[in-house]
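Student: I'd love a close look at one part of this protein, namely the long helix near the end of the chain and whatever packs around it. Could you walk me through it in one go?

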Amino acid sequence: MAAKALLKSGLRKAIGSGYNTRVWDESWLPTSPPRPPTGVWASKTVPKIKHFMWQALTNCVPVCSRLADLHCHPDRTCPRCGQHEETINHMLFECHMATQTWSLAALPTDPGEFPSSSIYGNFDFVLNRIHKRHSTKECKARIPWILWFLWKARNEKVFSNKDISPLEVLQSAVSETI
Ligand SMILES: [Zn+2]
């Protein structure tokens with residue numbers, strides 16, 4: 001295939017939304033920078049969450065840090081904890097509001113394994129590694145919804161100044177998967 005030869009020679013193809021290009025699954029694509037984990041489009045969840053996860057992995061979710069980079073927002077601080085820069089990894093995994101939610105979800109993890117400072121590592125865990133662990137089907141099915149409701153809770157805080165607890169985030173995710 002001609003395109004493959006071009007890519008092998010170092011040219012890169014525009015990825016766009018990723019809907020039509022299984023870019024991270026193709027072994028012949030360049031590997032620098034490191035690839036996000038595979039599995040977003042194959043995950044068992046609804047399309048809006050697949051799209052959200054793709055946006056998170058491609059740094060396209062409009063958190064404060066991202067908006068500040070684009071000169072659209074003056075403050076990088078996390079609106080939920082008020083303590084750290086709000087990156088996508090912080091919002092979904094490392095903010096204490098997120099870590100408490102993940103703790104309540106009781107995922108089978110090894111000590112220090114999850115969450116980590118790498119968004120790729122965290123997504124690799126929730127999309128791939130978790131499925132090799134002993135855990136209930138319901139527990140695994142909740143994971144994409146937890147990501148979704150963490151984002152919703154963040155937006156409730158930003159746009160309505162409403163505090164949604166980690167337990168409420170988990171309960172919302174549970175209610176979508178029973
Ligand atoms: Zn925070």
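**Helix H7 and its surroundings**

Tutor: Happy to. Of the 178 residues of the protein, 28% count as buried. Please keep in mind throughout that this is a predicted model. The protein has eight helices and zero strands, so let us go through the part you asked about helix by helix. Read along the sequence, the pattern is α-α-α-α-α-α-α-α. Among contacts with a separation of 6 or more, 51% join residues 24 or more positions apart.

The best place to start is the core. The largest nonpolar core holds 34 residues, and Ile146, Leu147 and Leu150 have the most contacts inside it. At least two residues of this core come from each of H2, H4, helix H5 (96-105), H6, H7 and H8. H7 gives the most, with nine residues. Leucine 147 shows what such a position touches: leaving aside residues up to four places away in sequence, its contacts are Ile49, Phe52, Met53 and Leu92.

Now take the partners of H7 in turn, beginning with H8. The axes of helix H7 (residues 137-160) and helix H8 (residues 166-176) come within 8 Å and cross at roughly 135°. H7 and H8 are therefore oblique to each other, and the crossing is right-handed. On the H7 side the contact is made by Arg142, Trp145, Ile146, Phe149, Leu150 and Ala153, and on the H8 side by Val169, Leu170, Ser172, Ala173, Val174 and Glu176. Sorted by character, these residues are nine nonpolar, one polar and two charged. Ile146 and Leu150 appear here too, and both are among the residues with the most contacts inside the core.

H2 is the next partner. H2 and H7 pack at an angle of about 70°, with their axes 10 Å apart. That makes H2 roughly perpendicular to H7. Ile49, Phe52 and Met53 of H2 meet Pro144, Leu147, Trp148 and Trp151 of H7. This contact divides into seven nonpolar, no polar and no charged residues. The three H2 residues named here also turn up among the contacts of leucine 147.

Just before H2, the chain offers another link to H7. Lysine 44 sits in the loop between helix H1 (2-8) and H2. Lysine 44 and proline 144 are 100 residues apart in sequence, yet their C-alpha atoms are 8.5 Å apart in space. Lysine 44 counts as exposed because it has 11 C-beta neighbours inside 10 Å. Proline 144, for its part, belongs to the H7 side of the contact with H2.

H6 brings in a further set of residues. Ile119, Asn122, Phe123, Phe125, Val126 and Leu127 are the buried residues of helix H6 (residues 119-127). They pack against helix H2 (47-57), helix H4 (88-94) and H7.

Between H6 and H7 runs a loop that includes threonine 136. Threonine 136 is exposed, with 10 other C-beta atoms within 10 Å. The C-alpha atoms of threonine 136 and leucine 107 are separated by 9.5 Å, although the two residues are 29 apart along the chain.

To complete the surroundings, follow H8 to its other partner, H5. These two helices pack at an angle of about 50°, with their axes 8 Å apart. H5 and H8 are therefore oblique to each other, and their crossing is right-handed. From H5, Met97, Gln100, Thr101, Leu104 and Ala105 meet Pro166, Leu167, Val169 and Leu170 of H8. The contact of H5 with H8 comprises seven nonpolar, two polar and no charged residues. Val169 and Leu170 take part here, and they also belong to the contact of H8 with H7.

Finally, two backbone details in the loop between H5 and H6 deserve a glance. Alanine 106 lies in that loop and has a positive phi of about 55° although it is not a glycine. With 11 other C-beta atoms within 10 Å, alanine 106 is exposed. Proline 115 is found in the loop between H5 and H6 as well, and a cis peptide bond with omega of about -5° joins phenylalanine 114 to proline 115.

How values were computed. Residues numbered from 1 in each chain as written. Predicted model: local features only at pLDDT ≥ 70, side-chain atom pairs only at ≥ 80, totals over all residues. Axes fitted to C-alpha atoms, helices over the stretch in contact; angles between N-to-C directions. Helix = DSSP H or I, 4+ residues; strand = E, 2+ residues; numbered from the N terminus. Parallel < 35°, antiparallel > 145°, perpendicular 65-115°, else oblique. Left-handed = near helix turned anticlockwise from the far one by under 90°. Contact = placed C-beta atoms within 7 Å. Nonpolar A, V, L, I, M, F, W, Y, C, P; charged D, E, K, R; others polar. Buried ≥ 20, exposed ≤ 12 C-beta atoms within 10 Å, placed from the backbone. Core = buried A, V, L, I, M, F, W, Y, C linked by C-beta atoms within 7 Å.
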